[in-house]
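Let's take a walk through the aromatic side chains of a protein chain, ring by ring. Have the viewer open and follow along.

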Amino acid sequence: MKKILVALMALSLVTVGFSSCDNGLERTADPATQPIAGKTYRELTGSGDGYAQLTFLMNYKCTLIAKQDNAAPITNSNFEWWMSPNDTQVVVRYARGAYDKTTGISLSGKTFLSGSYDATKKMVTLSGEFNGQTITYYMKEVD
């Protein structure tokens, strides 16, 4: 009987330990010091209906939607963003568990885009390297 009580007490301690730890899911950005938090930015491409759009969610997740002219939009939510409080630098990284489907190589934590936020213009300017070329996006805040 004594062993069962000790085992139950140990099990309850382990359960409390797991439920109280910070697993990163409860982090919330502060829009007062990280003004891109909860906002969407879009860059129109060309003269048609194509665009690239980033949404910086409050839990530091980031969703990219890309649409070419006359095609259905493609959505990718395998990104996380970071902006130091009261700073203008913005980094978009691949989320944990992301990998290259072609090569199988892990992309977790690698920078996808980086750049800056301009509060006066309500814009983010982000650059990244794709297939050996540097591409820059000039994205305006969507109302």
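The paragraphs below look at aromatic pairs, a cluster and a charge over a ring.

Keep in mind that this model is predicted. A pair of aromatic rings is described by the distance of the centres and the angle of the planes. With rings counted as a pair if their centres lie within 6.5 Å, the model holds nine aromatic pairs.

Start with Y60 and W82. Their ring centres are 5.4 Å apart and their planes meet at 35°, so this pair is tilted, since the tilted class covers angles that are neither under 30 degrees nor over 60. The two residues are 22 apart in the chain and link distant parts of it: Y60 is in the loop between β2 (50-56) and β3 (61-67), while W82 belongs to strand β4 (residues 74-83). How buried or exposed are the two partners? Y60 has a relative accessible area of 7%, so Y60 is buried; W82, at 34%, is partly exposed.

Now move along to F79 and Y94, another tilted pair, with 5.4 Å from centre to centre and 40° between the planes. F79 sits in strand β4 and Y94 in strand β5 (residues 89-94), so the pair ties together parts that lie 15 residues apart in sequence. Both F79 and Y94 are buried.

Next, step back to see a wider group. Y60 and W82 also belong to one aromatic cluster, together with Y41, F56, W81 and Y117.

Finally, look for a charge beside a ring. The charged end of R42 sits over the ring of Y51, at 3.9 Å from the centre of that ring.

Key:
Residues are numbered from 1 along each chain as its sequence is written. This is a predicted model: local features need pLDDT of at least 70, side-chain atom pairs count only at pLDDT 80 or more; totals for chains, interfaces and linings use all residues. Side-chain values use heavy atoms; hydrogens and water are left out. Rings of Phe, Tyr and Trp (its six-membered ring) pair if their centres lie within 6.5 Å; planes under 30 degrees apart count as stacked, over 60 as edge-to-face and the rest as tilted. Helices (H or I, at least four residues) and strands (E, at least two) are DSSP runs, numbered from the N terminus. Buried means under 20% relative accessible area, exposed over 50%, partly exposed in between (1.4 Å probe, protein chains only). A charge sits over a ring if NZ of Lys or CZ of Arg is within 6 Å of the ring centre and within 35 degrees of the ring normal.
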